[in-house]
Amino acid sequence: MPSGAPKGENCLVDMDSKAGDLFAAEDAHPTGTGGAGVLARLWLPKGFSASMAKEWIDRRRVSIRPWASFVDQRKFSKPRNFGEMCQRVVKNVEIYNSNYTFIFLGLILYCIISSPMLLIALAVFAGAFYIIHLKSLESKLVVFGKELTVPHQMSLAGAVSLPVFWLAGAGAAVFWVLGATLVVIGSHAALRELEGSDMEELLMESV
C-alpha cells in the first residue's frame, strides 16, 4: 500500500486549493467587487453594473428637494398669464428635476405591479435577454456577418417577447404612464410658485 495521505484527505486538499483559486480569481476581477464580480459577469452586460445604478440613484437622492416643500399647498397659485406659466414650468423642471424623476419611476412601478400580464412580459424579456447574453459570453453571436452587441441583444430579446407585450397591452400602459406623468408634473410645474431667489435668478438671466 503506498504511503502518504489517504485519498479522502487528498480530495479535501484539492477542493480547498480549487476554492482558493476561485476566490482569488473573483478578487482579481477588474470591477474590484470581489465575489460580486462573478454575479456581474453572469447577470449584467458589459458597460453596466449595479454600482453604476446605485451611483445614479444616490446622485438623484442628494439633489432631491424636500417633499414637504414640494407639496406645500401655500406655494401653489394660478399663473397670471401664459408667459408666467412658461417661466414656472421651465424653472420648476430645473429645480425639482429629481423629484419629478422619482414620480415618473413611481408611476412606472405602479403600472407594472397593477398589471400581472405586464409582469409576465417583462419576465419573458429579461429571460430572453439573459439567455442571449449568456450565449454571447460563451461564443460570439454573429448574424449576417456582424457580431451582436448589447443593444442588438436587447433588440432581439424585445422581438422575442413582443407578442407577450402585445397581449399584455404594453402600448396602452406606456401611454398611460406618459399621460399621467405629463398631467402630474405639468400641473405641479405650472402651479408651483417660484421662490424669491429663483425669481431673482430668472430676472438676471433675462437681462
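Here are some questions and answers on a predicted model of a protein chain.

User: Let's start wide: how many helices and strands does the protein have, and in what pattern along the sequence?

Analyst: Happy to. Read along the sequence, the elements follow the pattern α-α-α-α-α-α-α-β-β-α-α-α. The secondary structure comes to 10 helices and 2 strands.

User: What share of the contacts with a separation of 6 or more comes from residues 24 or more positions apart, and what share of the residues is buried?

Analyst: Among contacts with a separation of 6 or more, residues 24 or more positions apart account for 79%. As for burial, the protein has 207 residues, and the buried share is 25%.

User: How far apart are the end C-alpha atoms of helix α5, and what span should its residues give?

Analyst: Helix α5 runs over residues 82–95, which is 14 residues. At 1.5 Å a residue, α5 should span 20 Å. The model agrees with that, because the end C-alpha atoms of α5 are also 20 Å apart.

User: Which residues of α5 are buried, and within what arc do they fall?

Analyst: The buried residues of α5 are E84, R88, K91, N92 and I95. Seen down the axis of α5, these buried residues line one face of the helix, because they fall within an arc of 100 degrees. The general background is that an α-helix has 3.6 residues a turn, so residues three or four places apart point the same way. For α5, the arc asked for is 100 degrees.

User: And which exposed residues sit on the face of α5 turned away from its buried side?

Analyst: To count as exposed, a residue needs over 50% relative accessible area. On the face of α5 turned away from the buried side, the exposed residues are F82, V90 and E94.

User: Which residue caps the N-terminal end of α5, and at what distance?

Analyst: The cap pairs a side-chain oxygen with the backbone nitrogen of G83. That oxygen belongs to N81, and the distance is 3.2 Å.

User: Is I95 buried or exposed, and how far is it from I64 in space?

Analyst: I95 is in helix α5. With a relative accessible area of 12%, I95 is buried. I95 and I64 are 31 residues apart in sequence, while their C-alpha atoms are separated in space by 8.8 Å.

User: Moving to α6, which residues does N99 touch beyond those up to four places away in sequence?

Analyst: N99 is placed in helix α6, whose buried residues include S98, N99, Y100 and T101. N99 counts as buried because its relative accessibility is 0%. Leaving out residues up to four places away in sequence, N99 touches I64, R65, W67 and F70.

User: Which of C86 and C111 is buried and which is partly exposed, and how many disulfides are there?

Analyst: C86 has a relative accessible area of 30%, so C86 is partly exposed. C111 counts as buried, because its relative accessibility is 10%. A disulfide needs two cysteine sulfur atoms within 2.5 Å. By that rule the count is 0 disulfides.

User: Against which helices do the buried residues of α9 pack?

Analyst: Helix α9 covers residues 170–191, and its 22 residues should span 32 Å at 1.5 Å a residue; the end C-alpha atoms are 31 Å apart, which agrees. Its buried residues include A170, A173, V177 and I185. The buried residues of α9 pack against α4, α5, α6, α7 and α8.

User: Which residues does the UniProt annotation "transmembrane region" cover, and how much of each stretch is helix?

Analyst: The annotation comes from an unreviewed UniProt entry and covers residues 102–132 and 164–185. Neither stretch holds strand: the value is 0% over residues 102–132 and 0% over residues 164–185. The end C-alpha atoms are 31 Å apart for residues 102–132 and 30 Å apart for residues 164–185. Helix makes up 94% of residues 102–132 and 95% of residues 164–185.

User: One last pair: how far apart in space are A123 and S161?

Analyst: A123 is found in helix α7 and counts as partly exposed, with 49% relative accessibility. A123 and S161 are 38 residues apart in sequence. From C-alpha to C-alpha, the distance in space is 9.1 Å.

Key. Residues are numbered from 1 along each chain as its sequence is written. This is a predicted model: local features need pLDDT of at least 70, side-chain atom pairs count only at pLDDT 80 or more; totals for chains, interfaces and linings use all residues. Side-chain values use heavy atoms; hydrogens and water are left out. Helices (H or I, at least four residues) and strands (E, at least two) are DSSP runs, numbered from the N terminus. The expected span of a helix is 1.5 Å times one less than its number of residues. Buried means under 20% relative accessible area, exposed over 50%, partly exposed in between (1.4 Å probe, protein chains only). The arc is that of the directions from the helix axis to the C-beta atoms. A polar contact is a pair of N or O atoms within 3.5 Å; within protein, one must be able to donate a hydrogen and the other to accept it, and residues adjacent in sequence count only if both atoms are side-chain atoms. Contact means heavy atoms within 4.5 Å. UniProt positions are given in the numbering used here, feature names are shortened, and annotations may be inferred rather than shown by experiment.
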